[in-house]
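Here's a quick briefing to read with the model open beside you. Have a look at the fold, then work through the points below.

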Amino acid sequence: MKNFIRNVTFQIKPGQTAEFTRLFTDEILPAMKKQPGFRHDLAMTNPHSVVNLSMWQDQPSAEKWHTTAYPDAVKKLASVIEGTPRVESYELAATTLTV
């Protein structure tokens with residue numbers, strides 16, 4: 001099985017980058033780390049948007065996160081994001097990370 005990547009992008013409310021980072025670090029990442037099949041996460045921000053890449057052992061692990069815990073994660077971030085996050089999925093083709 002190949003590693004699987006979820007790419008989640010969304011708009012951040014003006015002035016909420018620091019609060020997003022706090023919420024993501026303190027609440028979302030610990031939940032992700034507990035999920036079977038979780039490998040790595042990269043969350044990148046600018047003043048207007050967030051790009052989040054999460055790496056999973058396989059597609060079923062990523063899908064389980066998406067259906068069981070992801071809705072709660074979005075609710076926790078609702079105060080700092082605008083609109084609905086866009087989710088795209090990919091198979092990992094190459095990386096310099098140790099997987």
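Let's start with Asn-7, which you'll find in strand β1. Keep in mind that this is a predicted model. Asn-7 counts as buried, because its relative accessibility is 13% and the cut-off for buried is under 20%.

**Around Asn-7**

- What does Asn-7 touch, leaving aside its neighbours within four places in sequence? One group of contacts is Val-51, Asn-52 and Leu-53, and the other is Arg-86, Val-87, Glu-88 and Tyr-90.
- Strand β3 spans residues 49-56 and strand β4 covers 81-91, so you can place those contacts on the two strands as DSSP runs.

**The sheet**

- In what order do the four strands sit in the open sheet? Reading across, you get β2-β3-β1-β4, with antiparallel pairing.
- The edges are β2 (38-45) and β4 (81-91), and each of these pairs on one side only.
- Going from one strand to the next, the twist averages 15°.
- β2 and β3 run antiparallel and are joined by seven bridges.
- If you want a spot to look at there, take Leu-42: its bridge partner in β3 is Leu-53.

**Ser-54**

- Ser-54 has its place in strand β3.
- Is Ser-54 buried or exposed? Ser-54 counts as buried, because its relative accessibility comes out at 1%.
- Once you skip the neighbours within four places in sequence, the contacts of Ser-54 are Phe-4, Ile-5, Arg-6, Met-32, His-40 and Asp-41.
- Ser-54 and Val-8 are 46 residues apart along the chain, and their C-alpha atoms are separated by 8.3 Å.

**Helices on the sheet**

- Helix α2 (residues 59-68) packs on the sheet and touches β1 (4-12), β3 and β4.
- The direction of α2 makes about 30° with that of β1.
- Helix α3 (residues 70-77) lies across β1 and β4, and runs at about 145° to β4.

**Where α2 meets α3**

- How do these two helices pack? They meet at an angle of about 50°, with axes 4 Å apart.
- That makes α2 and α3 oblique to each other, because an angle of 35 to 65 degrees is neither roughly parallel nor roughly perpendicular.
- On the α2 side you have Trp-65, His-66, Thr-67 and Thr-68, and on the α3 side Tyr-70, Pro-71 and Ala-73.
- The residues of this contact divide into four nonpolar and three polar, with no charged ones.

**Aromatic pairs**

- How many aromatic pairs does the structure hold? There are four.
- One to look at is Phe-10 with Phe-20: the ring centres are 5.8 Å apart and the planes are at 65°, so this pair is edge-to-face.
- Phe-10 lies in strand β1 and Phe-20 in helix α1 (residues 17-34), so the pair ties together parts that are 10 residues apart in sequence.
- Both rings belong to buried residues: Phe-10 has a relative accessibility of 8%, and Phe-20 has a relative accessible area of 2%.
- Phe-24 joins Phe-10 and Phe-20 to form one aromatic cluster.

Methods:
Residues are numbered from 1 along each chain as its sequence is written. This is a predicted model: local features need pLDDT of at least 70, side-chain atom pairs count only at pLDDT 80 or more; totals for chains, interfaces and linings use all residues. Side-chain values use heavy atoms; hydrogens and water are left out. Two strands pair if DSSP finds at least two bridges between them. Axes are lines fitted to C-alpha atoms, for helices over the stretch in contact, and angles run from 0 to 180 degrees between N-to-C directions. Contact means heavy atoms within 4.5 Å. Angles under 35 degrees count as roughly parallel, over 145 as roughly antiparallel, 65 to 115 as roughly perpendicular and the rest as oblique. Ala, Val, Leu, Ile, Met, Phe, Trp, Tyr, Cys and Pro count as nonpolar, Asp, Glu, Lys and Arg as charged, and the others, Gly among them, as polar. Rings of Phe, Tyr and Trp (its six-membered ring) pair if their centres lie within 6.5 Å; planes under 30 degrees apart count as stacked, over 60 as edge-to-face and the rest as tilted. Buried means under 20% relative accessible area, exposed over 50%, partly exposed in between (1.4 Å probe, protein chains only).
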